[in-house]
Amino acid sequence: LDRYEVVQVPSGRMAYNLWQRSAQRPRLTPRRALVVAALASVSNAELLASLPSLRTTHPTLRLSRLYRGWDEARSVAKSLEASQYTVHYLVDEDTRSRQGLGSTTPLATPEQFLRTTPGANIVHVVAHGVFNPFDPMQSSLFLETGGAGRVLKANDLLDITLEDVELISLAACQTGISDARPGAEPVGFLRALLGAGALNVILTEWEVDDNTTAQIFAELYANVKLGPKSAALTTAQKRVRATHKHPYYWAGISLYGSTY
């Protein structure tokens, strides 16, 4: 962290595809950002219904409400607005009610997310995530109940095009965990997002701390237009490391994709 800014690319094929896309794509002027806040708790019954494999690995798991999530979403939005982005929100019903947002703020259903994300240049998602070790492309983000249910699977992202997305961050637990399949290609949210055309992706490598993760993303987006995204992330991690020494608090957030 003190010597390098790190950007990871998980395979040679993806590195080549990213190089081609970044060379051909014109630099975007700040236009549109999407901030998603799905902060409600997830019961054990919901988890087991969505991910039956957890019956053997995490039979009693439940996910508590993300109490710092709205602070994170608002700080990210304010930083993006200061950088001349027009910010749109998707929220779950619990957050909409608690924050008094009213019915004009769209709900963060999986269908709405898949419909809205392709038109954004920057996307930031605060939600619960769970990695599925038995079928990584079925790893899940928990959003708001909709016609297709509450869960967005990594596999669902393969059906959309994210070629306008210069950065998408999934600030949810375990979104950066992948598994390798024949050909050494990674599978999981990383494969889905880069494969859909996003230039840069920020994911988490484990069950990250709610408080320090909010701090890192607030710092990152405050600096994201000042230089490379790798520099913004490194600066944010160093700020958090100054008060939380253990790598658990700051090292679990990784940048993947283009260096631009």
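1. Let me start at one end of the main sheet. Strands E1 (residues 32–37) and E2 run parallel to each other and are joined by six bridges. Within that pairing, alanine 37 sits opposite valine 91 of E2. Helix H4 packs on this sheet, where it touches E1, E2, E3 and E7, and its direction makes about 160° with that of E2. Please keep in mind throughout that this is a predicted model.

2. Now for the whole sheet. It is open and has six strands in the order E2-E1-E3-E7-E10-E11, with mixed pairing. E2 and E11 each have a single partner strand and stand at the edges, so one side of each lacks a neighbour in the sheet. On average, neighbouring strands here are turned by 15° against each other, direction ignored. As a general reminder, strands of a sheet pair through backbone hydrogen bonds, in either the parallel or the antiparallel sense.

3. Strand E7 (residues 167–171) deserves a careful look on your screen. Five of its five residues are buried, which leaves the strand mostly covered. The cover extends to both faces: Leu167, Ser169 and Ala171 are buried on one side, and Ile168 and Leu170 are buried on the other.

4. What does E7 pair with? Strand E3 (residues 122–126) pairs with E7 in the parallel sense over five bridges, and valine 126 stands opposite alanine 171 of E7. E7 is also joined to E10 by two bridges, again with the strands running parallel. There, serine 169 stands opposite isoleucine 202 in E10.

5. Isoleucine 202 also leads us to the edge strand E11, since this residue stands opposite leucine 255 in E11. Strand E10 (residues 200–204) and E11 are paired in the antiparallel sense, over five bridges. Is E11, standing at an edge of the sheet, buried or exposed? Five of the five residues of strand E11 (residues 253–257) are buried, so the strand is largely enclosed by the rest of the structure. Do note both statements together: E11 has a single partner strand in the sheet, yet its residues are buried.

6. Helix H9 (residues 229–241) is worth displaying alongside that end of the sheet. H9 lies across E7, E10 and E11, and runs at about 175° to E11. Arginine 241 lies in this helix, and is partly exposed, with a relative accessible area of 23%. Which residues does arginine 241 touch, leaving aside its neighbours within four places in sequence? The contacts are Leu1, Asp2 and Trp250. Arginine 150, by comparison, is 91 residues away along the chain, and the two C-alpha atoms are separated by 35 Å.

7. There is also a sheet of three strands. This sheet is open, with the order E4-E5-E6 and antiparallel pairing. Strand E4 (128–130) and strand E6 (151–153) are at the edges with a single partner strand each, so one side of each is left without a neighbour in the sheet. Neighbouring strands of this sheet are turned by 25° against each other on average, direction ignored. Between strand E5 (residues 140–142) and E6 there are three bridges, and the two strands run antiparallel. Leucine 141 has leucine 152 of E6 as its bridge partner.

8. If you like aromatic contacts, the structure holds three aromatic pairs. In one of them, the ring centres of tryptophan 70 and tyrosine 89 are 5.6 Å apart and the ring planes are at 35°, so the pair counts as tilted. This pair links distant parts of the chain: tryptophan 70 belongs to helix H4 (residues 69–82) and tyrosine 89 to strand E2 (residues 86–91), with their positions 19 residues apart. Both tryptophan 70 and tyrosine 89 are buried.

9. Finally, the overall picture. The protein has 10 helices and 11 strands. Its radius of gyration is 17 Å, close to the 18 Å that the globule rule gives for 260 residues, so the protein is as compact as a globular protein of that length. The C-alpha trace spans about 45 × 45 × 40 Å along its principal axes. Buried residues account for 51% of the 260 residues. Of the contacts between residues at least 6 apart in sequence, 75% join residues at least 24 apart. The accessible surface comes to about 11,500 Å², and 51% of this belongs to carbon and sulfur atoms.

Conventions
Residues numbered from 1 in each chain as written. Predicted model: local features only at pLDDT ≥ 70, side-chain atom pairs only at ≥ 80, totals over all residues. Heavy atoms only, no water. Pairing = 2+ DSSP bridges. Helix = DSSP H or I, 4+ residues; strand = E, 2+ residues; numbered from the N terminus. Axes fitted to C-alpha atoms, helices over the stretch in contact; angles between N-to-C directions. Buried < 20%, exposed > 50% of the residue type's maximum accessible area, 1.4 Å probe, protein only. Rg over C-alpha atoms; globule rule 2.2 N^0.38 Å. Contact = heavy atoms within 4.5 Å. Areas by Shrake-Rupley, 256 points an atom, 1.4 Å probe, with all protein chains shown as cover. Phe/Tyr/Trp six-rings, centres within 6.5 Å; stacked < 30°, edge-to-face > 60°.
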